[in-house]
Amino acid sequence: MTLKHITVCLLMPALLLLCRHSAAQWSAGAAAGFTLNNPSEKPGESFSRYLSAGGFSVSIPLKYDLTKHWGISTELAFIQKNISLERTGSYSGTWEKRYNHYLQVPLMAQYRTGEWKKLSAYAQAGIFAGYWLFSRQQGAAPDIYDLIDEPNGTGGSTSYFRIRQYDEKYSFDSEKDQRFDAGAIGGIGLNYHYSDKIRFFLEARYSQSFNSYQKDYMHGQLRSEHQTAAAMLGCMMNLFNSKQ
């Protein structure tokens with residue numbers, strides 16, 4: 001299944017619902033924010049641990065109001081789901097961070113409270129599908145071609161590999177990397193109604209992938225899914241005013 005097919009399959013149900021009720025209200029806008037991603041499992045390597053990895057997200061949200069309180073929302077989002085790995089013990093000083101860029105489309109049902117002093121709250125939940133577009137990796141690792149000998153306190157010498165830092169584009173492996181991503185997503189937020197047409201919002205969101213970003217290519221493999229929190233700030237504009 002291609003990225004084009006995934007996007008069309010997700011958007012079609014929302015577009016069909018949008019066309020059913022001419023009295024409903026559409027709104028569209030833009031949003032940006034920060035992400036914090038954690039793999040669901042521990043690393044399969046000894047003396048290793050995952051750290052929370054920060055990133056960013058930008059999106060074009062689209063919302064369809066069914067009633068005064070209920071609506072359907074979707075968006076086209078460019079989101080980072082980064083992974084940070086740190087080595088411990090005798091491997092201390094080596095690390096790797098991978099900057100993973102995804103295109104993601106959620107479909108969520110939203111409930112919104114009534115307006116009070118230009119404020120309203122909302123909660124939404126649903127599912128999402130996405131595609132791993134590209135990735136970049138940075139880190140520090142021992143250089144096996146650069147061995148250093150240093151004297152120690154016993155009159156002998158200690159050999160170790162010099163630590164080399166790297167910053168390079170990640171090359172996908174079709175046997176190991178699972179580029180399709182899908183899962184559950186939900187969030188709570190606060191709207192500020194600046195005018196009848198424009199509102200600003202602040203949202204805290206969490207998503208849990210159903211599938212791993214790694215394929216099952218090795219016996220005894222520990223496969224992790226993305227667990228991603230996000231804080232988003234955005235603006236929405238009503239495209240049509242409905243009489244509800």
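Is Gly126 buried, partly exposed or exposed? In this predicted model, Gly126 has a relative accessibility of 23%, so the residue counts as partly exposed. The value can be set against the cut-off for burial, which is under 20% relative accessible area. To place this glycine in its setting, the account below begins with the whole protein, turns to one strand and the pocket, and then returns to the residue.

The protein contains one helix and 11 strands. Read along the sequence, these elements follow the pattern α-β-β-β-β-β-β-β-β-β-β-β. Of the 244 residues in the protein, 38% are buried. The accessible surface comes to about 14,100 Å², and carbon and sulfur atoms account for 60% of that surface. The contacts within the protein also reach across the sequence: among those between residues at least 6 apart, 68% join residues at least 24 apart.

Strand β5 offers a useful point of entry. This strand covers residues 83–87, and four of its five residues are buried, so β5 is largely enclosed by the rest of the structure. Two strands pair with it. Strand β2, made up of residues 48–51, is joined to β5 by four bridges, and the two run antiparallel. Within this pairing, Tyr50 stands opposite Leu85 of β5. Strand β6, which spans residues 95–112, is likewise connected to β5 by four bridges in an antiparallel arrangement. Here Ile83 stands opposite Arg98 in β6. As a general matter, the side chains of a regular strand alternate between the two faces of the sheet.

Which residues are the closest to the centre of the largest pocket? The pocket itself has a volume of about 750 Å³. Its lining consists of 30 residues, and those closest to the centre are Glu45, Tyr50, Leu85, Glu96 and Gln214. The elements that contribute two or more residues to this lining are β5, β6 and β7, the last of which covers residues 119–151. By residue class, the lining divides into 16 nonpolar, six polar and eight charged residues. Tyr50 and Leu85, the pair that face each other across β2 and β5, are thus met again among the residues closest to the pocket centre.

Between β6 and β7 lies a loop that holds Lys117 and Lys118. Most residues other than glycine have a negative phi. Lys117, although not a glycine, has a positive phi of about 50°. Lys118 also has a positive value, with phi near 70°. What is the exposure of each lysine? Lys117 has a relative accessible area of 67% and is therefore exposed, as the cut-off for that class is over 50%. Lys118, with a relative accessible area of 39%, is partly exposed.

Beyond this loop the chain enters β7, the strand in which Gly126 lies. Leaving aside residues up to four places away in sequence, Gly126 touches Leu107, Met108, Gly183, Ala184 and Ile185. One of these, Leu107, is 19 residues from Gly126 in sequence, yet the two C-alpha atoms are 5.7 Å apart in space. With these contacts in view, the opening question can be restated in full: Gly126 is partly exposed because its relative accessibility is 23%, a value that falls between the limits of under 20% for buried and over 50% for exposed residues.

Conventions
Residues are numbered from 1 along each chain as its sequence is written. This is a predicted model: local features need pLDDT of at least 70, side-chain atom pairs count only at pLDDT 80 or more; totals for chains, interfaces and linings use all residues. Side-chain values use heavy atoms; hydrogens and water are left out. Buried means under 20% relative accessible area, exposed over 50%, partly exposed in between (1.4 Å probe, protein chains only). Two strands pair if DSSP finds at least two bridges between them. On a 1 Å grid over the protein atoms alone, a cavity is a set of points where a 1.4 Å probe fits but cannot get out, and a pocket is an open set with protein on both sides within 12 Å along at least five of seven lines; lining residues have an atom within 4 Å of a point. Grid points are joined across faces, edges and corners, and a volume is the space filled by probe spheres set on the points. Ala, Val, Leu, Ile, Met, Phe, Trp, Tyr, Cys and Pro count as nonpolar, Asp, Glu, Lys and Arg as charged, and the others, Gly among them, as polar. Contact means heavy atoms within 4.5 Å. Accessible areas come from the Shrake-Rupley method with a 1.4 Å probe; for residues, only the protein chains shown count as cover.
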